[in-house]
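I set out to look up selected strands, sheets and helices in this structure. My entries follow in the order in which I consulted them.

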Amino acid sequence: MDKKKLLTVMSLAVGLGTLTVLSDDSKINVSATGTSAVQKFGDVNNDGLVDTVDAAAVLTEYARLSALGKGNFTEIQKKVADIDKNNLVDTVDSAYILSYYAYASTGGSLDLEQWLENRNPNTTTTTTTATTTATTTSSSVQTTQTTVSTTTTTVTTTSTTVSAVSKISEIKLTKYNINIAVGENDISYVTMLPETVPNKDEIWTSSDEKIAVVDKWGNVTGVSAGTCTVTVTSVDNPEVKADIKVTVSDPNKISEIKLSKTEMNIAVGKGDISYVTMLPESVSDKREIWTSSDEKIAVVDDEGYVVGVSAGTCTVTVTSANNPNVKAEIKVTVSDPNKISEIKLSKTEMNIAVGKSDISYVIMLPESVSDKREIWTSSDEKIAVVDEWGNVTGVSAGTCTVTVTSANNPNVKADIKVTVSSTDKISEIKLSKTEMNIAVGKSDISYVTMLPETVPNKDEVWTSSDEKIAMVDKWGNVTGISEGACTVTVTSVDNPNVKAEIKVTVSEGQTHNFQQINGLTYIDGILIANKSYALPSTYSPEMDATTIQQFNLLSEAASKDGLNIYLSSGYRSYSQQNTIYNNYVSWYGKEKADTFSARAGHSEHQTGLAIDVNTIDDSFAGTPEAVWLENHAHEYGFIIRYPKGKESITGYKYEPWHIRYLGVEKAMDVYNSGLTLEEYLGIDSYYH
C-alpha cells in the first residue's frame, strides 16, 4: 500500500464535526468458536478497551478500502467500528474513537455510547453524505474516485433527561507542558466540561508564533528555540481557557548548560573547576566562554579553572559560543586562610525578660585562623547590654540588635535580634499555624504560646472578623460556617495590645473515605504518614515495587531531556528513622529538627512509597532536575510532597527532592488542584 496515501488518510481524522446520529447498540453479540461473547462498541481489536489502537485499526481499514477496494475487517469488526452507523468504516469513525479516548484519558467515566448521547442530547433525523477521493501519486496509475451514496437514517431514542447546562465552564487537557524540537509537533487532547453542552468548538492561539504555531485542531509545531504559551479557548464561553507551556529546542543550537557545581568555596591562591555539559549533546559546537564578575576576587581561564585572588564573593559565568543567550553561573566565595571569613551563631534570636541573661555561642571560620577574638556591641544599651564574652542582659522592654564582630577581620559580623519583655506583661503570641483551610462544618485549631513564659496570666480572647464564614470558641477551635475567607484573632488578656492572626479559608468541602486498618490510616485509599497520623512501630513493608518501577520510568524520561534524576533515599525502618531524628535533635535542637525531620512512626519513608532524589539539601532547589521534577513527576504518579510556601500546612520546610507515589490518576488530580496532600484530603499535620 502507498505510504503517502496512508498518511493522507490518517490526517483526515483531525477536526471532524459533531455527529448527531446515535446508536442504541453499545454492545454487539458475537458468536465465535461456538461460544457467546460480547464485544464493546468501538472496541475493534476486542481487548476490552476503546483507545488509539482501535482508532489506528479503523484508519488502516479505511486506507485499504480506499486503495484496494476491499478490507480485512470481519462482519463483527465492521459493526463495532461503524460509530456513526452509516454502513461505512471511515475517518469519521476513527475521529470519534480518538475523541472518546481523549475524554476517557482525562478522567471521563461514561462509555462510548453514553458519551455520544451527552454530546448530542436531542434525537434527530440526519442525512449523511460521504464522498471520498483516494488519489495515487504514481504516474503509471490512473486517479480513482469513489462516491458513496447518500444514506438517510432515522433514529428514535429514549434517554434519561439531562439537565441543560448553557455554557462551557472548564477545559481539561491531557498535557500542560509540551517539549518539542524545531519542525516537530505535538498535541494535547481537550475535554470540554460539562459534557452536556453541545458546542465544544475550540480556538487555538500561540503567544509567540516565532517560537511555536498551533493549527485549529491544536497541533503545535516548533518554529524556533524558546518558550511560549499555547492557549485553547472555548467558542461557547470565551472566558474559559487552558494554557500549555511550550518549550522548543533547536537541535543545531545549545539550549542549556549544566554544571557539576554551581558554588565554589576556595582559598586565596587555590583553584577549583566545575565540569560543563552542553545540551543537546547532538550539537557539535560546544565551545565555552568563561568570565569573572570581579577578577580582583577570582579569575577563570579558558578551560573553566577558577583561582582565588582575594577574600570576597563574585560570579563566574560560562557562556555558549554557539548560542550566547545560554549561560550558567557559579557563585565563588574566596577565603583568606589567615582571615576570618564567617561567623556562625548557636542562636540568632533571643527573648529575655528584664534582668535576665542569655548567650549565643560563636564559631569563627575558618578554624585554621588563630586570631578568633570577638567584639560585642548592642544597638541600644537602654534595652539590652552585652559583655565581652557575649552574655546579653535585658535592661528594659523593647527590641534591639546585638552584634559580634571579628577583631581579625572587622568586615565579618553576625547579628542577634534581642527582644526584652517586662516580667509582668505578655509581649508576644506565637501560633502553631497562621493559615487554615477548612470545609463547611469542619473545625481546626492553632495552638498558642504566650511569651514570656514567666507571666502568670496567659488568658486568651478569640474573635472572628466574620462569623457568617467562620466561628471560634473561647479555646480557639475554629469552625467553618459558609464559603469565604476571614481572619480569626487571638488577643492577650494580660496585654490587649498583643495579638496574633489566622487567615481562615472555608470551602464547601468534600467527603473523604477514612479507614484505619491494622493501625494504618487510609484516606481515599491513600496511606497517610505525617505529624498527625503515625505508622505502627511494627510496620515494615520495605520499598514498594510499583513505586520503584514508576520511578525508573520517570528517571528514563528525564534522561531523554539530558537530566540525571536518581534515588538517594528510599525506605527506612522505624529504628532507622528514630536514629536519624534523634541525631538531628542533638545537633539542632528539637524545635528546629521538627521542621525538616520526622519523628519515628511519622515519616513517609517508612511507607515504602517515598523517595528522596539527587542532592538532599537546599542546593537542589532551582536546578534543571528540580524544575523538571516539579513539571513532570505527576505524569508518573508522584507529587512534590512538601511544596514551597506550604510549610504551615505540611509541617515541614520546602523539600523539592522529596516525592511521594500516589498512582498516576491521584497524582494528576493533586497536581492539577494546586493543593498539598493535606489540603486535598482535608487533614492537618501537627504533633498532638
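Entry 1. The model is a predicted one. I began with a single residue pair and looked up Ile639, whose bridge partner is Arg660 in strand β49. I then noted the strands on either side of this pair: β48 and β49 (residues 655-661) are antiparallel and are joined by four bridges.

Entry 2. I next asked in what order the strands of this sheet lie. The sheet is open and consists of four strands, in the order β46-β47-β49-β48, with antiparallel pairing. Its edges are β46 (567-569) and β48 (638-642), each of which pairs on one side only. I recorded the twist as well: on average, neighbouring strands in this sheet are turned by 50 degrees against each other, with direction ignored.

Entry 3. I turned to helix α7, which covers residues 574-588 and has 15 residues. From the first C-alpha to the last I read 21 Å, close to the 21 Å expected at 1.5 Å a residue. After α7 comes Gly589, and I noted that its phi is positive, near 90 degrees.

Entry 4. I looked up a second open sheet, which has three strands in the order β43-β44-β45 and antiparallel pairing. The edge strands here are β43 (514-517) and β45 (526-527), and each pairs on one side only. Between β43 and β44 (residues 520-523) I found four bridges, and these two strands run antiparallel. Within β44, Thr521 stands opposite Gln516.

Entry 5. I examined strand β15 (residues 241-249) and asked which of its side chains are buried. Ala242, Ile244, Val246 and Val248 point to one face and are buried. Lys241, Asp243, Lys245, Thr247 and Ser249 point to the other face and are not buried. I set this beside the general rule that side chains in a regular strand alternate between the two faces of the sheet.

Entry 6. I then looked up the partners of β15. Strand β8 (residues 177-181) runs parallel to β15, and five bridges join them. Ser249 of β15 has Ala181 opposite it. Strand β14 (residues 226-234) pairs with β15 in the antiparallel sense over eight bridges. One bridge partner in β15 is Val246, which is matched with Cys228; Val246 is also among the buried residues of β15. I noted that β14 and β15 form a hairpin, with six residues between them.

Entry 7. I asked at what angle helices α2 and α4 pack. Helix α2 (residues 52-68) and helix α4 (residues 91-105) pack at about 170 degrees, and their axes are 8 Å apart. An angle over 145 degrees counts as roughly antiparallel, and therefore α2 is roughly antiparallel to α4. On the α2 side the contact is made by Thr52, Asp54, Ala55, Val58, Leu59 and Tyr62. On the α4 side Thr91, Asp93, Ser94, Ile97, Leu98 and Tyr101 take part.

Entry 8. I closed with values for the protein as a whole. The secondary structure comes to 12 helices and 49 strands. Of the 688 residues, 42% are buried. Among contacts between residues at least 6 apart in sequence, 61% join residues at least 24 apart. The accessible surface comes to about 35,700 Å², and carbon and sulfur atoms account for 48% of this surface.

Notes. Residues numbered from 1 in each chain as written. Predicted model: local features only at pLDDT ≥ 70, side-chain atom pairs only at ≥ 80, totals over all residues. Heavy atoms only, no water. Expected span 1.5 Å × (residues − 1). Pairing = 2+ DSSP bridges. Axes fitted to C-alpha atoms, helices over the stretch in contact; angles between N-to-C directions. Buried < 20%, exposed > 50% of the residue type's maximum accessible area, 1.4 Å probe, protein only. Contact = heavy atoms within 4.5 Å. Areas by Shrake-Rupley, 256 points an atom, 1.4 Å probe, with all protein chains shown as cover. Parallel < 35°, antiparallel > 145°, perpendicular 65-115°, else oblique.
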